[in-house]
Amino acid sequence: MAVHDDCKLRFLELKAKRTHRFIVFKIEEKQKQVVVEKVGEPTESYEDFAASLPDNECRYAVYDFDFVTAENCQKSRIFFIAWSPDTSRVRSKMIYASSKDRFKRELDGIQVELQATDPTEMGLDVIKSRAN
């Protein structure tokens, strides 16, 4: 599975310049490559991010989560989320599952990985608990 250069470019912008809050990636099965589907502005919320994931199709996503520690320090964690809803096609789930590790290797700087099959598995409470 190829990875479009734009995927790496957008991820670097999110990681280094913080110009994006999140990126949603999809696999174009015909071209056999991962492409950028949507980019979230820094002002967008976690709810905007969650709403941009389709209900019945798999996606990869990267989310830049800002939080304040118990010591009152401002921090950020870059989450990689493998979104694979139960209602998506079996073939699609297999393609996303088999391509995930290779794709993740292309994105240098991922700090936390989540696998989610429904919205509760990647709720803001889950993100907060995994950020520390």
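The paragraphs below lead through a predicted model of a protein, from its overall fold to the charged side chains that link its parts.

The protein holds 4 helices and 6 strands, and read along the sequence these elements follow the pattern β-α-β-β-α-β-β-α-β-α. UniProt, in an unreviewed entry, lists residues 1-132 as "domain: ADF-H". Within that span 33% is helix and 32% is strand, and the C-alpha atoms at its two ends lie 32 Å apart.

As to overall dimensions, the C-alpha trace spans about 50 × 30 × 25 Å along its principal axes. The radius of gyration is 14 Å, which agrees with the value near 14 Å that a compact globule of 132 residues would have. Buried residues account for 41% of the 132 residues, and the accessible surface comes to about 7,300 Å², with carbon and sulfur atoms contributing 49% of that area. When contacts between residues at least 6 apart in sequence are considered, 61% of them join residues at least 24 apart.

The charged side chains offer a way into the detail, since a search of the whole structure finds 14 salt bridges. One of them pairs Glu-29 with Arg-91, with the closest N and O atoms 3.4 Å apart. Glu-29 sits in the loop between strand E2 (22-28) and strand E3 (33-40), whereas Arg-91 belongs to helix H3 (residues 90-106), so this salt bridge ties together parts that are 62 residues apart in sequence. Glu-29 has a relative accessibility of 28% and therefore counts as partly exposed.

Helix H3 also contains a salt bridge of its own, in which the side chains of Glu-106 and Arg-102 meet at 3.4 Å, N to O. These two residues are 4 residues apart in helix H3, so that about one helical turn separates them. Both partners count as partly exposed, Glu-106 at 27% relative accessibility and Arg-102 with a relative accessible area of 36%.

What, then, surrounds a charged residue that is buried, such as Arg-59? Arg-59 is found in strand E4, and its relative accessibility of 4% is why this residue counts as buried, the cut-off being under 20%. Its side chain meets that of Glu-57 in a salt bridge of 3.0 Å, N to O, although Glu-57 itself is partly exposed, with a relative accessible area of 37%. A polar contact of 2.7 Å joins the side chain of Arg-59 to the side chain of Glu-37. Leaving aside neighbours within four places in sequence, the residues in contact with Arg-59 include Val-24, Phe-25, Lys-26, Leu-53, Pro-54, Ile-81 and Tyr-96. Trp-83 is also among these contacts, and although Arg-59 and Trp-83 are 24 residues apart in sequence, their C-alpha atoms are 5.1 Å apart in space.

A second set of charged residues is formed by Arg-18, Arg-21, Asp-64 and Asp-66, which are linked in a network of salt bridges. Arg-21 is placed in the loop between helix H1 (5-17) and E2, and with a relative accessible area of 14% Arg-21 is buried. The side chain of Arg-21 makes a polar contact of 3.0 Å with the side chain of Asp-66. Not counting residues up to four places away in sequence, Arg-21 touches several further residues, among them Leu-14, Gly-40, Glu-41, Pro-42, Glu-44, Val-62 and Tyr-63.

Arg-18 likewise has its place in the loop between H1 and E2, but at 38% relative accessibility Arg-18 counts as partly exposed. The backbone at this network residue deserves a look, because most residues other than glycine have a negative phi. Phi of Arg-18 is near 55°, a positive value in a residue other than glycine. Asn-72 offers another case, with phi near 70°, again positive in a residue other than glycine. Asn-72 lies in the loop between strand E4 (59-68) and strand E5 (74-83), and at 65% relative accessibility Asn-72 counts as exposed.

How values were computed. Residues numbered from 1 in each chain as written. Predicted model: local features only at pLDDT ≥ 70, side-chain atom pairs only at ≥ 80, totals over all residues. Heavy atoms only, no water. UniProt positions renumbered as here; feature names shortened; annotations may be inferred. Salt bridge = Lys/Arg side-chain N within 4 Å of Asp/Glu carboxyl O. Buried < 20%, exposed > 50% of the residue type's maximum accessible area, 1.4 Å probe, protein only. Rg over C-alpha atoms; globule rule 2.2 N^0.38 Å. Contact = heavy atoms within 4.5 Å. Areas by Shrake-Rupley, 256 points an atom, 1.4 Å probe, with all protein chains shown as cover. Polar contact = N/O pair within 3.5 Å; in protein donor to acceptor, adjacent residues only side chain to side chain.
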